[in-house]
Structures are given as C-alpha cells and as structure tokens.
Amino acid sequence: MNKFMEVLENILMPIADKLNNNRYLTALRNGFMVALPFIIFGSIFVVIANFPFLDQWISESAYEAYQAALGPASASTLSIMGLFVIIGIGYKLTEHYGGESIYGGAVALASFLILTPQVIDFETANKTVEQVGGVIPTASLGAEGMFLGIFTAFIAAELYRFFVEKDWTIKMPAGVPEAVSRSFSALIPITLTLTSFLIVRIIFSYTPFDTVQNFIYTLIQEPLTALGSGLPATLVAVLLIQLFWFFGLHGQIIVNSVFDPIWYALNNQNLDAFNAGQELPNIVTKQFIDTFIVGIGGSGMTLAVIIGIFLIGRSRQLKELGKLGAPAGIFNVNEPVIFGLPIIMNPLVIIPWLIAPVIVTFVTYFAMASGMVPYPNGVIVPWTTPTVLSGFLATGNSWQGGALQLVNIAIVFVIWWPFLKIMDKQYYENEHSAEEERNESVNM
Amino acid sequence: MKHILLACSAGMSTSLLVSKMKEAAEAKGIEAEIWAVAQDKAPKEMERADVLLIGPQMRFMKKKFSKTAEEVGIPLDVIDPVSYGRVDGAAVLNKALELMGE
C-alpha cells in the first residue's frame, strides 16, 4: 500500500507542479480572481431581482419594473464576465513578465474587441432579418466569447511583450517629462499588437466562419463545453479533485485551472437563458460542482463527516477535531478535517473519500435531469456560503436546491459511517491503552 | 518585531492558524505581526515579511515562491501537515522562529 501511494504521489505531484507553475494557467486563474467580485456583485442582484414569491405579491407591471431596474447590475458584470477575465489575464501575464501591466490588460481587451462581432441580426416586423451595426452583442462578452477571450488575452500579452522587448520605441530627447515619454513608449507595441489582430479579423471575414469568435466557438469551445457538460468528464474532474486532496494537494485549485473556462461558459449559457425566460440548457455548470459536489463543508463534503463525529465520536482526538472543524466547516473551509482526521494518506478513508462524491454526482445529476430540482440558473454563489443557503441561491432561489444538499449530506454520511466508526474505535483504544500505561507507571 | 507571512489558496484556512499563532506569540511574549494571504498575493507580501510559511495543500507552490523568497532574502517552508490539521499555533510559531534563526 505504501509503495503504491508513493508511486501515485510521484505522478500527481509533478502534475500539480506543472499546472500551477504554468504561467498561462496561473494568469488564467488570477484572471478569474479579478473577475470574481464583479461576478458575485451581479449574482447578488440576480438573486434579489428574482426573490421568491415576489411575482405573486405585487402586480405584473410592478414586478417587471422592479426587474428592469435591477437588471443592469448583472448585465454589466456577470453577463459580460469575459471582459474582466480578459483584462485580468492580460494584466497578470504582463505583470509576470515585469512589463507595464495596466497596458497589458488594456491591450488584451482591445484585441478581443477587435476580434468580436460588431453587428447583430435583428428581426424586423415583416420577418426579414436585418443586420444592425454599432453594437457589440453582450453574449460575445460572456458565454460565447469566453474561450476566444482567454486565447486572445494570452496572445495579446505575448505580442505586447514581444514588441516591447524589440524596443522599437520612440525615444524622446532628455528633458521631456517621464510620463510623456512613457505614453509614447507604449504606443508602438500597442499599435503593432492591435494591427496584428485586425489583420486576423480581416482574414477571417473571408472564411466561412466569418468571425474569429465563430471559429473558436465552433471548433474549440462548443466541443469542449459539450464534453465538459457530460457526466463522464464531470466524474473525472470530481475524482481528480478527491485524489489530489488525498495526497494533501489542493484539488480544486489544480483541477479548476483547467475546468473553469468550461464551467463558467456553461454557467453563463444558463444565465442568458434564465434572463431570457428560456429553458436552461446545462446541468453541469460552475455551480453544479461548487455547490452540490465540493461546497458542502469543503471538498469531499466533509460537513457530513463532522456531523458523524458529533454523533458517534468517543475518542478525544475526534471530539477535538469536531470542535475545531465545525465552525470552519460551516463556511466550507475543511483543512482541519483533511489534515487532522487525517484524510491525507489514510488508507482507511480512501474508499468513502473517493466513492461518496461519485455517488453524490450521480444523484445530483439525475435529481436535476428528472426535474425534481431546478438546474443551476447561472448565479455564482461565493464558495464560503453555508450549505442549504448556497443550494437555494444556486438553483434560482428554490428550496429544492437546499433540500438536495441535505440529501447529499445524508448520502455521504451513510457511506462514511462504518469507516468513521472503525477510526473512532482505533483512536479510542489507543488513547485508553496510553492512559493505562501512564496509570501503571504512576502506580509503580 | 517579527513579520510572519502564511499563504494558502485563498488565505482562509491559514487565517485560522494565524489567530492561534498570535495567541501563542502573546503567551511567549514575542512581538510579531502574523498574517495570511491568498497564494497570488504572496509574492508581493513577501517584501515586508521575515519568513514565509506555505499551507501543506499548496506545497507545490514552494518552488515558485522560492525564487521570490531568494530575491527578497527570506526563508520559507511548508507547514507540517500534522500541526496544520491540529491548528497548532505554538508548533508553527516555533517553526517560523527556527527558520528565522532564533
């Protein structure tokens, strides 16, 4: 067993190392972090705008006015989250290279806008379709443009750095204020970067894809999100999160750096459909994972383990752990349980640790597919939100979301029960024999 | 005054440890500023720290942080998982002092 674990850790550690020290994935992760406060701000107002039963309490026109008044909060943040991710990536990648990061962010944004469609189809009263110019479709800045935005931000930041390093800058004579010469020094790299993207846009307008966004969306984003929204890929992601944590490595941060673009794109598809009053397309989204699989007391849904400890714990070690882990666990921080139980490298817990989330993933998926629980509607709930409340919020203010989380806790609890019992007994006996030894030595 | 920096993924679980370490420092009569940050903030925060301790779940970041730590000239290490799980402030504080060569 030890040999096997050693081999496995020798495989996982380099993967974690590679994924986390890769400058693009780091920039991507930090880019999402830049976007997060805006995403959550928008989510809060989606929740308030769709307050339960409100549509029955007030008149239809008052409800419509109420929703219209709050609409811009999420329309300017959550719905167009791609923009913030792009600025974040451009900024962070340029910062990584030691360049002027604010220009890196701005140049990434402009490059993305150059590649973005700038017309929308508009259906006139007599059913003909006209193209309206002077607009940027908001879907391009959210769900549909997510992958293009990420790639563009990487390439724009790289090109910008390349042109800065070429040093084809306009040199100002001595005596010119530094701020003035700095604004000129950014001019040439920015001009060259943006021109490159403009050329790409023009080339694509002569292909059947018409726009670069359409090209990336059809060839990369759509297949990947279709794959990512299925059960098999979701189970792989969930198992990887668990496996990394088993070796004491932060599972989500490693897996998310690959899956986040997919999960957020799926999430925003649901949000767009929700806002348009259409049927939600996806079960698996960012919130499916965060709220129902990971976020019940932390990875591995350890809130159920803490409850188990309170119910059956006789050993001092588990009781102490329960007291320590419960307050943090309510807010989905579970490092005390992971390192204290311990879960890491503990052969006894590997079975419930790996099996429980898989079963919960199935149950959650089918509870939603069968219509018992609404799909996640696209709001992003902060991961520290306590269980039940987070389920309620993630499913568009419906109690079934919270109830499903309780069912999930019960499932995890049942799977863990026998293993927790064995562990508790071992600890209890160890503590007892240690005490007896001490008593004996005192007597002598 | 000692400046002890802790880093984990979001700065949440290490901040749990920070409060325990502060208690331990007070009990020992050591004047120390102890604070926790998310991993992406760590390189910047290192400039005003005397030592960096990394949460064991982020131990794969050690190599990356080592470069910055070398530049600013501070020691760093990964927190021992057992002390981390027990939220053992005193043990981690001792580790920090040891690293600083006290």
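Domain bounds here come from an automatic or database domain assignment. With that in hand, let us walk through this predicted model, beginning with chain A.

**Two domains in chain A**

The assignment splits chain A into domain 1 (1-26 + 229-444) and domain 2 (80-223). Taken over C-alpha atoms, the centres of domain 1 and domain 2 of chain A are 38 Å apart. How many residues of each domain are in contact with the other? Domain 1 of chain A brings 8 residues and domain 2 of chain A brings 11 residues. On the domain 1 side, α2 and α12 of chain A each supply at least two residues. The largest share of that side, 6 residues, is from α12(A). Sorted by class, the domain 1 side holds 4 nonpolar, 2 polar and 2 charged residues.

**Chain A as a whole**

Now step back to the full chain. Chain A has 19 helices and 2 strands, and its C-alpha atoms fill a box of roughly 90 × 65 × 40 Å along the principal axes. Of its 444 residues, 44% are buried. Sequence distance is worth a look too: among contacts in chain A between residues at least 6 apart in sequence, 70% join residues at least 24 apart.

**A helix pair**

Helix α12 (residues 251-275) of chain A also pairs with α8(A): their axes come within 9 Å and cross at roughly 145°. On the α8(A) side the contact is made by A:M146, A:F147 and A:I150, while α12(A) brings A:P261, A:Y264 and A:A265. Which classes do these residues belong to? The contact of α8(A) with α12(A) has 6 nonpolar residues, no polar ones and no charged ones.

**The largest nonpolar core**

In soluble globular proteins, nonpolar side chains tend to be buried together. The largest nonpolar core in this model has 145 residues, and A:I89, A:A108 and B:L52 touch the most other members. Helix α8 (residues 146-166) of chain A gives the most to this core, with 13 residues. Where does the core lie with respect to the domains of chain A? Domain 1 and domain 2 of chain A both give residues to the core, so it lies between them.

You can look up A:A108 in the structure. Leaving aside neighbours within four places in sequence, A:A108 is in contact with several residues, including A:I86, A:I87 and A:I89, as well as A:T152, A:A153, A:A156 and A:A157.

**Where chain A meets chain B**

The contact between the chains takes 20 residues from chain A and 17 residues from chain B. On the side of chain A that touches chain B, the elements giving two or more residues are α1 (2-21), α2 (23-49), α15 (316-330) and α16 (335-340). The largest share of this side, 5 residues, comes from α1(A). The table sorts the residues of this side by class.

| Class, side of chain A that touches chain B | Number |
|---|---|
| Nonpolar | 12 residues |
| Polar | 6 residues |
| Charged | 2 residues |

**A marked cysteine in chain B**

Finally, meet B:C8, which an unreviewed UniProt entry annotates as "modified residue: Phosphocysteine". B:C8 is in strand β1 (residues 2-8) of chain B. Why does B:C8 count as buried? A residue is buried if 20 or more other C-beta atoms lie within 10 Å of its own, and B:C8 counts as buried because it has 29 C-beta neighbours inside 10 Å. Not counting residues up to four places away in sequence, B:C8 touches B:S13, B:T14, B:A36, B:Q39, B:G55, B:Q57 and B:M58.

Definitions and conventions
Residues are numbered from 1 along each chain as its sequence is written. Chains are lettered from A and ligands numbered from 1 in the order in which they are written. This is a predicted model: local features need pLDDT of at least 70, side-chain atom pairs count only at pLDDT 80 or more; totals for chains, interfaces and linings use all residues. Two residues are in contact if their C-beta atoms, placed from the backbone, lie within 7 Å. Helices (H or I, at least four residues) and strands (E, at least two) are DSSP runs, numbered from the N terminus. Ala, Val, Leu, Ile, Met, Phe, Trp, Tyr, Cys and Pro count as nonpolar, Asp, Glu, Lys and Arg as charged, and the others, Gly among them, as polar. A residue is buried if 20 or more other C-beta atoms lie within 10 Å of its own, exposed if 12 or fewer, and partly exposed in between; C-beta atoms are placed from the backbone. UniProt positions are given in the numbering used here, feature names are shortened, and annotations may be inferred rather than shown by experiment. A nonpolar core is a set of buried Ala, Val, Leu, Ile, Met, Phe, Trp, Tyr and Cys residues joined through C-beta atoms within 7 Å. Axes are lines fitted to C-alpha atoms, for helices over the stretch in contact, and angles run from 0 to 180 degrees between N-to-C directions.
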